[in-house]
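Reader: Please take a close look at the charged side chains in this model and how they are paired. One connected account will do.

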Amino acid sequence: MSKPVPMPHSNTNEDLLALRKPEPFRLSQFLYNAEEGTVMGRDRTSWAKIGIFYIVFYVVLAALVAICMWAFFQTLDPRIPKWTLDRSIIGTNPGLGFRPLPPVEMVESTLIWYKGTQHENYKHWTDSLDDFLAVYKVPGLTPGRGQNIYNCDYNQPPPRGQVCDVDIKTWAPCTKENNYSYHKSSPCIFLKLNKIYDWMPEFYNTSTDLPHNMPENLKTYIAEIEKTEPHKLNTIWVSCEGENPADQENVGSVNYLPVRGFPGYFYPYQNSEGYLSPLVAVHFQRPKRGIIINVECKAWARNIKHDRKDRLGSVHYELLID
């Protein structure tokens, strides 16, 4: 019996492993392979197809967004809000604002403080009022205001398309020429009721049905108006007094110009071109000097609620005249 012939030793497995061993990754070759003519593993045709796809995709997407925006804006009126009164975020209870405001760096402060009667000491406050009242003095600063201004009165409301004039001459002595009386330590503060589209005040227009918490001097004022000028009863009344008993003693006498409230013929606000809100100048004639006086002003109408915490229908500020 013949013996098997021994096979020669072979390195076949090692050769196969050597053949299967991948080449090391080269970033430069991945980015651009000159032999295969590819960029990042794709040839020009492949990249062209991808580019065309994304161009078409984003063009169609942009067109769809544009169509949706166009359709949305067709439902909006540039002058009439989509949601008004109870359906709006603002609601139906207007807030009350005051001017002048403290400097920007004291944005959270409500303190009106100045020293003495020197112009430099009260310059910030009078300059702030100049800026705020500029639109009332120069009609061209308010878009659309000019030819449509109407001299309104309680028995003469503005015709459609026209807006009531705000007569700045009736604010004396709270005028720029008089430094808004700051130089006499008897400053003027201007009040403004926030605008709510289509809101109509329900007036306290009879002295027999006034709220119990209304200041007595305002009740007396309304009773006098009822006797002498009853046509002026359709007014949103205003009161400013010290918040606490000590403040009430220190605040002194207060005068309201041109009348003690916002005339009813300015309402409802309907975003008419050139409309300016009515203002009340509150003239503190003899506030006590050298002490902080907390002042709270309120607007009075049957549908204006007062909430000191949320500042609904009222505004708080402090006076300090050294």
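Author: A salt bridge here is a side-chain nitrogen of Lys or Arg within 4 Å of a carboxyl oxygen of Asp or Glu. The model is predicted, so local features need pLDDT of at least 70 and side-chain atom pairs count only at pLDDT 80 or more, while totals for chains, interfaces and linings use all residues. Residues are numbered from 1 along each chain as its sequence is written, and side-chain values use heavy atoms, with hydrogens and water left out.

The structure holds 4 salt bridges. One of them joins lysine 219 and glutamate 216, with 3.5 Å from N to O. Both residues belong to helix 5, where they sit 3 residues apart, about one turn of the helix; helices (H or I, at least four residues) and strands (E, at least two) are DSSP runs, numbered from the N terminus. For accessibility, buried means under 20% relative accessible area, exposed over 50%, and partly exposed in between (1.4 Å probe, protein chains only). Lysine 219 is buried because its relative accessible area is 18%, whereas glutamate 216, at 55%, counts as exposed.

Another pair within one helix is lysine 123 and aspartate 127, whose closest N and O atoms are 2.6 Å apart in a salt bridge. These two lie in helix 4 (residues 119-137), 4 residues apart, again about one turn. Lysine 123 has 32% relative accessibility and so counts as partly exposed; aspartate 127, at 26%, is also partly exposed.

A further salt bridge, 3.0 Å from N to O, is formed by the side chains of arginine 302 and aspartate 209. Arginine 302 is in the loop between strand 12 (293-300) and strand 13 (314-321), and aspartate 209 is in the loop between strand 7 (188-193) and helix 5 (216-228), so this pair ties together parts that are 93 residues apart in sequence. Arginine 302 is partly exposed at 29% relative accessibility, as is aspartate 209 at 41%.

Arginine 260 is buried yet has no salt bridge. The nearest side chain of opposite charge, glutamate 241, is 6.9 Å away, where Lys and Arg count as positive and Asp and Glu as negative, with His and the chain ends not counted. Arginine 260 occupies the loop between strand 9 (254-257) and strand 10 (261-263). Its side chain makes a polar contact of 3.4 Å with that of asparagine 217. Such a contact is a pair of N or O atoms within 3.5 Å; within protein, one must be able to donate a hydrogen and the other to accept it, and residues adjacent in sequence count only if both atoms are side-chain atoms. A polar atom of the arginine 260 side chain also lies 2.8 Å from the backbone oxygen of valine 238.
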